[in-house]
Amino acid sequence: MLSKALSFFRKYRLKSNLKKLSNNLEIGNSHFFQMFSINLSNPIKDKKYIKIGDDTILDCLISFESSVGEVIIGNNVFIGRSNLICRSKIEIEDNVFMAWGTFVYDHNSHSLDYKERQNDILQQLSDYREGKFFTENKNWDVVDSKPIKICSNAWIGMNCIILKGVTIGEGAIVGAGSVVTKDVPAWTVVGGNPAVVIKKLEGELKK
């Protein structure tokens with residue numbers, strides 16, 4: 001009985017979330033698991049924050065930590081229970097697999113200057129105590145942010161971290177638990193922290 005009630009609640013929450021943000025989404029013939037969610041506070045009217053193609057399945061959390069940013073997801077993509085955290089741009093092309101537990105993070109979140117991080121904490125406290133979203137008045141001018149692109153036919157293993165400014169080339173495979181800090185060449189396998197090329201895909205394993 002509890003599992004049925006939980007399932008009903010999740011479906012209701014998902015439906016309400018998508019309806020509330022319908023003017024900010026552009027969605028093809030795709031599908032969403034019950035845990036799929038979008039965090040977006042104070043959206044700009046009619047700005048398309050998320051564009052999703054056809055035949056894609058998503059079970060992830062997409063978070064916008066300010067009123068800017070863009071997430072584009074292509075056709076025939078599967079993203080398990082992972083996190084896309086956007087302020088600049090995250091683009092995922094066609095036929096990409098992304099396993100559970102991965103974080104795709106297109107900004108540094110905070111400044112390298114400890115004084116700015118102190119200001120962040122004070123501002124978060126102020127916003128939260130006033131009933132606002134806790135990063136509503138965050139100073140993003142001091143935070144470095146760069147787009148992320150994951151090209152077609154890539155496979156991202158579970159529990160990876162993909163950081164700002166990275167392009168993962170076509171057909172590349174990122175091994176489980178990797179931390180990707182630099183571009184990944186097309187048709188290679190990378191792994192480790194930081195991720196490095198382990199092997200090149202040859203023959204029938206590449207286009």
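Start by selecting β12 (103-105) and strand β15 (residues 161-163): the two run parallel and are joined by three bridges. Here strands (E, at least two residues) and helices (H or I, at least four) are DSSP runs, numbered from the N terminus, and two strands count as paired if DSSP finds at least two bridges between them. To see one position of this pairing, show F103, which stands opposite I161 in β15.

Before you go on, note that this is a predicted model, in which local features need pLDDT of at least 70 and side-chain atom pairs count only at pLDDT 80 or more, while totals for chains, interfaces and linings use all residues. Residues are numbered from 1 along each chain as its sequence is written, and side-chain values use heavy atoms, with hydrogens and water left out.

**The whole sheet**

Now widen the selection to the open sheet of six strands, in the order β3-β6-β9-β12-β15-β18, with parallel pairing. At its edges sit β3 (37-40) and β18 (179-180), each pairing on one side only.

**Strand β9**

Next, pick strand β9 (residues 83-86). N83 and I85 point one way, L84 and C86 the other, and all are buried (under 20% relative accessible area; exposed is over 50% and partly exposed lies in between, with a 1.4 Å probe and protein chains only). On one pairing, strand β6 (residues 61-64) runs parallel to β9 over four bridges; on another, β9 and β12 pair in the parallel sense over three bridges. Centre on I85: S63 stands opposite I85, and the bridge partner of I85 in β12 is Y105.

**H107**

From β12, step into the loop that leads to α2 (114-129) and select H107. Is H107 buried or exposed? H107 is buried, because its relative accessible area is 4%. Display its surroundings within 4.5 Å between heavy atoms, the contact cut-off: setting aside residues up to four places away in sequence, H107 touches E65, I85, C86, R87, W140, V143, D144, S145 and K164. Then draw a distance from a polar atom of the H107 side chain to the backbone nitrogen of S109, and you should read 2.9 Å.

**G192**

For the last stop, go to the loop between β19 (188-191) and β20 (196-200), where G192 is found. With a relative accessible area of 34%, G192 is partly exposed. Leaving aside neighbours within four places in sequence, G192 is in contact with S178 and V179. Finally, add S16 to the view: G192 and S16 are 176 residues apart in sequence and 40 Å apart in space, C-alpha to C-alpha.

How values were computed
Polar contact = N/O pair within 3.5 Å; in protein donor to acceptor, adjacent residues only side chain to side chain.
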